[in-house]
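Hi there,

Here is the structure I promised to pass on to you. Have a look at it first, and then read on for what turned up in it.

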Amino acid sequence: MSESNLKDMSQLVSLAKRRGFIFQSSEIYGGLSSCWDYAPYGIELKNNIKQKWWKAMTLREDIVGIDASIFMHPQVWKASGHVDGFNDPMVDCKSCKSRFRADKIDVTAPCVVCGSKDTFTEPRDFNLMFKTQMGPVEDSSAQVYLRPETAQGIFVNFLNVQQTMRKKLPFGISQIGKAFRNEITPGNFIFRTREFEQMEMQYFIKPGTQKDAMEQWRELRFNWHLSNGIRKEKLRWYQQTGEDLAHYADAAYDLEYEYAHGWGEMEGIHSRTDFDLKTHQEHSGKNLMYTDAMDNNKKYLPYVLETSVGCDRCLLAVMSDAYRLENEGDKENERVVMKFHPSLAPVKVAVLPLVKKLEEPATKLFQDLATEFAAEYDVAGSIGKRYRRQDEIGTPFCITFDFDSLEDNAVTIRDRDSMKQERISLDKVKEYLRNGLV
Ligand code: GAP
């Protein structure tokens, strides 16, 4: 199979708009910078990714899921270190006032926006948490934060979950949810935004077993991305060491994908020690110790191995890897096709009557297929144009209902990737799709 030949993010941005995957937020008002809305096909794709992750990360005897509130007690963020330490160094151009992350630009070079050679301001810390007020009184006691990560909702629920679910170590808690960071320089489409979605799992383990857990989860998570159709050579590990390593971690690896703008972190696997449970125990005054019935009822704070993947960055990788521009420049045969893994494709099958006259039996077939597959029906325009539209949506199979279908009770099924067509009898269509969509 040919490989993705995406050269520039603008090709993806344009397809996402043209075909209803992702729109700019508040577009009719001129748009809101770095905020994006998932359109009908985009949300189906995103839901498929989330469901696949949820299945992989909860359909196991040792992992359960939760959905914690976005607003949390403000003390949570004091305890976690986010109030005092979740900062990026920021500089302003003295001329045009543009803001930059000091660690991402060369502060001795001219400003990339206005070209001024006048220097930048001294770097100063900028806290990335969004603040807001809870309730009708606007004073500092009502200040709350939009969570910058979902993980803390899991740590503060550790004991509740462990006791109600009667879990023994090692066990994990999974969660999918929105997170918010007031990034100084968002960009590269949905790669870095101020509102995004995380899929996180905290695996609670016996202290001393963190190295094995790290290896186990690195392998599982790498293979999960491969199962989404991502090419192996587009993935690489980056080990965080020294100053890179977060204050809570004794080891950490970023799984990077080679996006159109370059290599970037898609998922982080962090060995967080007992930092989080310890700090929440101290700040809340609640005993969060685990009693180990398998080890003489010893009491201790478990260590944590975290897997944290951005849903939007995962979707961006899936779209980037699926993109093909075939027969470029050849007017007749040029096509853009999204070769999504069948498990993720937002539409699995499209039913296309050859002409309007055949609408009635074709609609019947569509309605029957729609009970089992994400199906679409399209009668408008030439058959060639309808195929091209489905190629750009990434629909694995198109079914053409023609005049012969009325006689032979069979339809033509076109394969998205090879464009090969097969005549299949109507009573075998579902089985054909089931086999082709695995
Ligand atoms: N709980 C650990 C944690 O939040 P992180 O490395 O800061 O770790 C995890 O974030 C993942 O969340 C990243 O690998 C990335 O996929 C995603 N992410 C972080 N900031 C993001 C942003 N501004 N926009 C989109 N995704 C982001």
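**What I found**

Let's start with a single residue: Asn409 is partly exposed, with a relative accessible area of 48%. You can find Asn409 in the loop between helix H12 (403-408) and strand S22 (410-415). Although Asn409 is not a glycine, its phi is positive, at about 50 degrees. That is worth a second look because most residues other than glycine have a negative phi. Keep in mind as you go that this is a predicted model.

Asn296 is another case: not a glycine, yet with a positive phi of about 55 degrees. Look for Asn296 in the loop between strand S14 (290-292) and strand S15 (298-300). Is Asn296 buried or exposed? Asn296 is exposed, because its relative accessible area is 76% and the cut-off for exposed is over 50%.

One more backbone oddity, this time in a peptide bond. The bond from Leu169 to Pro170 is cis, with omega near -5 degrees, whereas most peptide bonds are trans. Pro170 belongs to the loop between helix H6 (158-164) and S9.

**The whole chain**

Now zoom out. The chain has 438 residues, and 50% of them count as buried. Its secondary structure comes to 13 helices and 23 strands. The C-alpha atoms fill a box of roughly 75 × 65 × 50 Å along the principal axes. If you take the contacts with a separation of 6 or more, 65% of them are between residues 24 or more positions apart.

**The cores**

In soluble globular proteins, nonpolar side chains tend to be buried together. Which residues touch the most other members of the largest nonpolar core here? They are Phe21, Leu45, Ile49, Met319 and Phe340, out of 54 residues in that core. Helix H9 (residues 311-322) gives the most to this core, 8 residues. A second, separate core has 19 residues, including Leu159, Val161, Leu169 and Phe171.

Try clicking on Phe340. Leaving aside neighbours within four places in sequence, its contacts include Phe21, Leu45, Met319, Ile393 and Arg416.

**A buried glutamine**

Gln175 is in strand S9 (residues 171-180). With a relative accessibility of 0%, Gln175 counts as buried. So what do the polar atoms of its side chain lie close enough to list? One partner is the backbone nitrogen of Ala68, 2.6 Å from a polar atom of the Gln175 side chain. Another is the backbone oxygen of Thr150, at 3.1 Å from a polar atom of that side chain. Beyond its neighbours within four places in sequence, Gln175 is also in contact with Trp53, Trp54 and Arg147, among others.

**Two domains**

The domain assignment gives domain 1 (3-72 + 132-319) and domain 2 (347-436). Their centres, taken over C-alpha atoms, are 38 Å apart. Each side brings 6 residues to the contact. About 560 Å² is buried between domain 1 and domain 2, and carbon and sulfur atoms give 46% of that. On the domain 1 side, Arg19, Phe21 and Tyr41 supply 76% of the area buried against domain 2, more than any other three residues.

How many salt bridges does the rule find across this interface? It finds 2 between domain 1 and domain 2. The side chains of Glu392 and Arg18 meet in a salt bridge, 3.1 Å from N to O. Helix H1 (9-18) and helix H2 (40-58) are the elements that give two or more residues to the side of domain 1 that touches domain 2.

Glu392 is also one of the buried residues of helix H11 (residues 383-393), among them Arg386, Tyr387 and Ile393. Just after H11 comes Gly394, with a positive phi of about 90 degrees.

**The end of the chain**

Finally, scroll to Val438, in the segment after helix H13 (429-436). Val438 is exposed, with a relative accessible area of 75%. Leaving aside neighbours within four places in sequence, Val438 is in contact with His341 and Pro342. Val438 and Pro342 are 96 residues apart along the chain, but 6.5 Å separate their C-alpha atoms.

Have fun exploring!

Key: Residues are numbered from 1 along each chain as its sequence is written. This is a predicted model: local features need pLDDT of at least 70, side-chain atom pairs count only at pLDDT 80 or more; totals for chains, interfaces and linings use all residues. Side-chain values use heavy atoms; hydrogens and water are left out. A nonpolar core is a set of buried Ala, Val, Leu, Ile, Met, Phe, Trp, Tyr and Cys residues joined through side-chain atoms within 4.5 Å. Buried means under 20% relative accessible area, exposed over 50%, partly exposed in between (1.4 Å probe, protein chains only). Helices (H or I, at least four residues) and strands (E, at least two) are DSSP runs, numbered from the N terminus. Contact means heavy atoms within 4.5 Å. A polar contact is a pair of N or O atoms within 3.5 Å; within protein, one must be able to donate a hydrogen and the other to accept it, and residues adjacent in sequence count only if both atoms are side-chain atoms. Domain bounds come from an automatic or database domain assignment. Buried area is the accessible area (1.4 Å probe) that two parts lose on being put together, summed over both. A salt bridge is a side-chain nitrogen of Lys or Arg within 4 Å of a carboxyl oxygen of Asp or Glu.
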